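User: Please take a close look at a single part of this structure, its backbone and its degree of exposure. Then set that part in the context of the rest of the chain.

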Amino acid sequence: MIDLKIDTAHEKSADQCPHHEICRTDGGKPYCKITDTVNGSVFFTDARNPCTCPYQHAFGTSFICTCPVRQELYKKFRI
C-alpha cells in the first residue's frame, strides 16, 4: 500500500473533481492515465470521450490533464 499524501495546497485546489478524488483512495487507481509529460508541467492522458472532467482539455488530437492532485500524484509516485 502506498501512502498517497500530497501537499494540502494541491489537494484544496482540485475542488472541481467529478470523480471524488478516486485516485487518492486506498487501493484506488488514478482515473486518468498519464501517458506522457513535457518537463513535468504538461501532462498528456489517454483520450476519453465524452469526458465531463473540468481538468481534461483537448490539445490537438490529444488530451491534457490540469488537475493539480493528479499531476502531484504522477510527479511523486509515477502513477
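Analyst: A residue is termed buried under 20% relative accessible area, exposed over 50%, and partly exposed in between, with a 1.4 Å probe and protein chains only. Accessible areas come from the Shrake-Rupley method with that 1.4 Å probe, and for residues only the protein chains shown count as cover. By this criterion N39, with a relative accessible area of 77%, is exposed.

The model is predicted: local features need pLDDT of at least 70 and side-chain atom pairs pLDDT 80 or more, while totals for chains, interfaces and linings use all residues. Numbering starts from 1 along each chain as its sequence is written, and side-chain values rest on heavy atoms, without hydrogens and water.

N39 belongs to the loop between β1 (34-38) and β2 (42-45). Its phi is near 55 degrees, a positive value in a residue other than glycine. Strands here are DSSP runs of E with at least two residues, and helices are runs of H or I with at least four, numbered from the N terminus.

The wider chain has two helices and four strands, in the order α-β-β-β-β-α from the N terminus. A positive phi is also found at G60, near 65 degrees, in the hairpin of β3 and β4, where two residues lie between the strands. Strands β3 (residues 56-59) and β4 (residues 62-65) pair in the antiparallel sense over four bridges; pairing requires at least two DSSP bridges. Within this hairpin, F59 has S62 of β4 as its bridge partner.

Q71, located in helix α2 (residues 68-77), counts as buried because its relative accessibility is 17%. Beyond its neighbours within four places in sequence, Q71 is in contact with F43, C65 and T66, a contact being heavy atoms within 4.5 Å. For the chain as a whole, 32% of the 79 residues count as buried. Among contacts between residues at least 6 apart in sequence, 45% join residues at least 24 apart. The exposed surface is about 5,200 Å², of which carbon and sulfur atoms supply 52%.

A search of the whole structure finds one cavity of 30 Å³ or more; a cavity is a set of points on a 1 Å grid over the protein atoms alone where a 1.4 Å probe fits but cannot get out, and lining residues have an atom within 4 Å of a point. The largest cavity holds about 110 Å³ of space. Its lining has 13 residues, with C17, H19, C23, C67 and R70 the closest to its centre.

Key. 1 Å grid on protein atoms, 1.4 Å probe; cavity = no way out; pocket = protein on both sides within 12 Å on 5 of 7 lines; lining within 4 Å. Points joined across faces, edges and corners; volume = space filled by probe spheres on them.
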